Each structure stands twice: as C-alpha cells, then as structure tokens.
Amino acid sequence: MAQRTARTRRFTAVRALLARHAGPDVAFGRRLVLAVTATAVVAVPFALALVLVESQWPPLYRLDRSTAERLHRTALEHPGWVSVLDFFTGVVWDPATMRLLVAALVVWLLTRRAWRLAAWAGVTATAGALIGFLVKNVVERARPHLPDPVADAPGFSFPSGHAMTAMTSCAVLLLVLLPLVSRAWRPVPWVLAVTAVLGVGYTRVALGVHWVSDVVGGWLLGIAVVTATTLVFEAWRADTGRPRTGVSEGLEPELSSEEDPEAGTEAGTEAGTEAGTEAAPVRSGGPAAGRPSA
C-alpha cells in the first residue's frame, strides 16, 4: 500500500510539472508534428507516382502511350480543335498567366494590410515553381515523341509544370478569395478552379507534350506544397487565438470585413496574458483575500 501511494504521488508530481510547462512550446510542438505528418501523408501519392515513373512500370507505360496516341489521332483529324487547345494552354491557363493572377492577389492583400496572408500566397506560388523545376531536372523524363506532332515544348516532362502551377495557383486564389463570395455563389469559383485544373491537364496530353502521369504528378506535387504552407498558416492562426477554418470558408474569413484583417491579433494575445497575470493574485487567495476594506 505504501509503495502504491508513493508511485501515485510521483505520478501526480510529474503530471503537475508537465502541466506547469505545457504552454505555447508544447502546443507548437504538437502542431509541428501534425503538420509534418499531414504533409508526409499527402506527399505519399506523389512519391509513389515518381517511383512508378522512374521504374517504367509497364501498366503505367501502356496507359501513357495509349492515351497519348489516341488523343494525338484526334488532334490530327481536327486542326481547329488544336488551335482552341493551344489558346487555352498557352494564354488562359499558361503558368505566366496564373502567376500574374497570384501576384496581383498578393499586391491587393498588401493594400489590405493582410501581411501574413500575402506572404502565404507568395511563398506558396514561389515554392511550387521552384520545387517543380527542381524535380523536373532531377527526374529528366523525356517528353512524348509522336509522329507529326501538333505542338512542342522545351525541357523535361515530369511533373507537368502547367498542371502543378494550375493546382497551386487555383488553390491560392480559392483559399484567399472564398470569404469574399457569398455562400450561395461559392460553388461558382470551385467549378472554375476545377475546370482550370482539369482543363490544363487535358490540353497538355491532347497536344502531345506530356504523358498522363506527368499531369497527375504535377497535381499531386501541387497539393503537397499547398498542404504544407497551409498548415503553417493555420499554426499562426492558432498562435494568435483565432479559430480554425474549413476549406469551404477560406484561410482567413476576417478578410471579408472592412477592418484590418490582422488588427489586434498580437495586441489581443498580449492583453489576455496581462489580464491573466493581473488576475492571478486574486484567484490565488491569501490572508487578505477575505479582509474587508477600510
């Protein structure tokens, strides 16, 4: 009985010690582990696609080849359709167009004094471009070689830069601008984003400049990049005492108000800390706690 009582006391003392030190550092540690785990899980599909591409897995090779040849025959039979595809992939959904849209969004966020949201958008777009470029040059996969090609493109093939840029850019635009759209109209930007992402993938394969696996790899890598940067942004919101948001609400719902979207975050946190510090002696009690005033 005495040994059990001693163990219970030691356990209680350890738990009290941990509780005393369980503050922002512990919370940050939990969020960091969660962010790393979530990013790793999201990156697994891309890693699998990369392994299959590098090993030239026969089923994937046959899928890439058969799809490319079938769409190439259609392109040769419909030259007018090729012009339409070339316009969308080279103008409307071109990576330069997508990045200009994100750049304009960053400038607008800076005018709204949404500094961290602007940083998140800029970092996500830039990281996506750099990571995609690095992976392309590491894998060094050749582009499709088809008879009578209807289009050409420089550089390597995996992952598709158009597909990855479309994924990251549309995700940034959606997660930032959704709070500005009424709930009744929110399906519209989602439809536009999905159409752009899928449309880019189709045009790249139909024009014979990418394999299907290139496009899927670009989408998966883009999702991994957006997931990683979004988790970091959510950690900042948690540190400032703001509630978590769902994907359907956007990253920062406060952006829909006319006030400074980041005003009062640090001040509110400091004020809460100071209030708790000042109120501590009152809660602790003591000889003077119940003494009537003179």
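Which helices each supply at least two residues of the lining of the largest pocket? Select helix 7 (161-177), helix 8 (187-206) and helix 9 (212-239), which each do so. Helices here are DSSP runs of H or I with at least four residues, numbered from the N terminus.

Before you click on, note that this is a predicted model, where local features need pLDDT of at least 70 and side-chain atom pairs pLDDT 80 or more, while totals for chains, interfaces and linings use all residues. Residues are numbered from 1 along each chain as its sequence is written, and side-chain values use heavy atoms, leaving out hydrogens and water.

**Stop one: the largest pocket.** A pocket is an open set of points on a 1 Å grid over the protein atoms alone, with protein on both sides within 12 Å along at least five of seven lines; lining residues have an atom within 4 Å of a point. The volume, the space filled by probe spheres set on the points, is about 450 Å³ here. Show A171, L175, W190, V226 and V247, the closest to the centre among the 21 lining residues. Helix 9 gives the largest share, six residues.

**Stop two: the largest cavity.** In a cavity, a 1.4 Å probe fits but cannot get out. Select R99, A125, G128, A129, T165, T168 and S169 to see the lining of this space of about 40 Å³. Helix 6 (115-139) and helix 7 each supply at least two of these residues.

**Stop three: the second largest cavity.** Finish with L71, T74, A75, W81, L85, Y202 and A206, which line this cavity. Helix 3 (58-77), helix 4 (79-92) and helix 8 each give two or more residues, and helix 3 has the largest share with three.
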